[in-house]
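Here are a few exercises to work through with the model open next to you. Try each task on your own before you read its solution.

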Amino acid sequence: MKTVTMLEFRKNAEGILRRVRRGEPFVLSHRGQAAARLEPISTARAADPASDPFLTIGRRATPSPKAGRGTRK
């Protein structure tokens, strides 16, 4: 698996994501340490919004007990 630095990713995010979409996995490093893995998602899962964890977070989230308290500005 190829490692990509944050600087390389910022300079060429579109190209790297295009390669990920074609099936090439990457490790994203930050300050010399592996920070994340970039890999393609399966097309079956991507095609089903009901199983996408980002699109279903609203159903799984619970309100904070501190919601509405405080006076942050």
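**Exercise 1. Work out the order of the strands in the sheet and the sense in which they pair.**

Start with the overall layout: this is an open sheet of three strands in the order 1-2-3, with mixed pairing. Strands here are DSSP runs of E with at least two residues, helices are runs of H or I with at least four, and both are numbered from the N terminus. Two strands count as paired if DSSP finds at least two bridges between them.

Next, look at the edges. Strand 1 (2-5) and strand 3 (33-38) each have a single partner strand, so one side of each is left without a neighbour in the sheet. On average, neighbouring strands are turned by 35° against each other, direction ignored, using axes fitted as lines to C-alpha atoms.

Now take the pairs one by one. Strand 1 and strand 2 (residues 26-30) run parallel, with four bridges. In that pair, Lys2 sits opposite Phe26 and Val4 opposite Leu28. Strand 2 and strand 3 are antiparallel, with five bridges, and Ser29 faces Ala34 there.

A note on the ground rules: the model is predicted, so local features need pLDDT of at least 70 and side-chain atom pairs count only at pLDDT 80 or more, while totals for chains, interfaces and linings use all residues. Residues are numbered from 1 along each chain as its sequence is written, and side-chain values use heavy atoms, with hydrogens and water left out.

**Exercise 2. Place the sheet within the whole chain: what is the order of the elements from the N terminus on?**

First, count: the protein chain has four helices and three strands. Then read along it, and you get β-α-α-β-β-α-α.

Now for some totals. Of the 73 residues, 16% count as buried, where buried means under 20% relative accessible area, exposed means over 50%, and partly exposed is in between (1.4 Å probe, protein chains only). The chain exposes about 6500 Å², with carbon and sulfur atoms supplying 54% of that; the areas come from the Shrake-Rupley method with a 1.4 Å probe. Finally, take the contacts (heavy atoms within 4.5 Å) between residues at least 6 apart in sequence: 25% of them join residues at least 24 apart.

**Exercise 3. Find the buried residues of helix 2 and say what they pack against.**

Step one is to place the helix. Helix 2 (residues 13-21) lies across strand 1, strand 2 and strand 3, and runs at about 145° to strand 2; such angles go from 0 to 180 degrees between N-to-C directions, with helix axes fitted over the stretch in contact.

Step two is the buried set: Gly15, Ile16 and Val20. They span an arc of only 140° around the axis, which puts them on the same side of helix 2. The arc is taken from the directions between the helix axis and the C-beta atoms.

Step three is what surrounds them. These buried residues pack against strand 1, helix 1 (6-11), strand 2 and strand 3. Turn to the face pointing away from the buried side and you meet the exposed residues Glu14 and Arg21.

**Exercise 4. Is strand 2 largely enclosed or open, and which residues make up the largest nonpolar core?**

Begin with the strand: four of the five residues of strand 2 are buried, so the rest of the structure largely encloses it. Ser29 lies in this strand and is buried at 9% relative accessible area. Beyond its neighbours within four places in sequence, Ser29 contacts Thr3, Val4, Thr5, Met6, Ala34 and Ala35.

Then list the core. A nonpolar core is a set of buried Ala, Val, Leu, Ile, Met, Phe, Trp, Tyr and Cys residues joined through side-chain atoms within 4.5 Å. The largest one has seven: Val4, Phe9, Ile16, Val20, Phe26, Leu28 and Leu38. Helix 2 and strand 2 each supply at least two of them.

**Exercise 5. Where do Gly23 and Arg31 lie, and is each one exposed or partly exposed?**

Take Gly23 first. Gly23 lies in the loop between helix 2 and strand 2, has a positive phi near 115°, and is partly exposed at 40% relative accessible area. Gly23 and Glu39 are 16 residues apart in sequence but 7.1 Å apart in space, C-alpha to C-alpha.

Then Arg31. Arg31 belongs to the loop between strand 2 and strand 3, a hairpin with two residues between the strands. Its phi is near 55°, a positive value in a residue other than glycine. With 78% relative accessibility, Arg31 counts as exposed.
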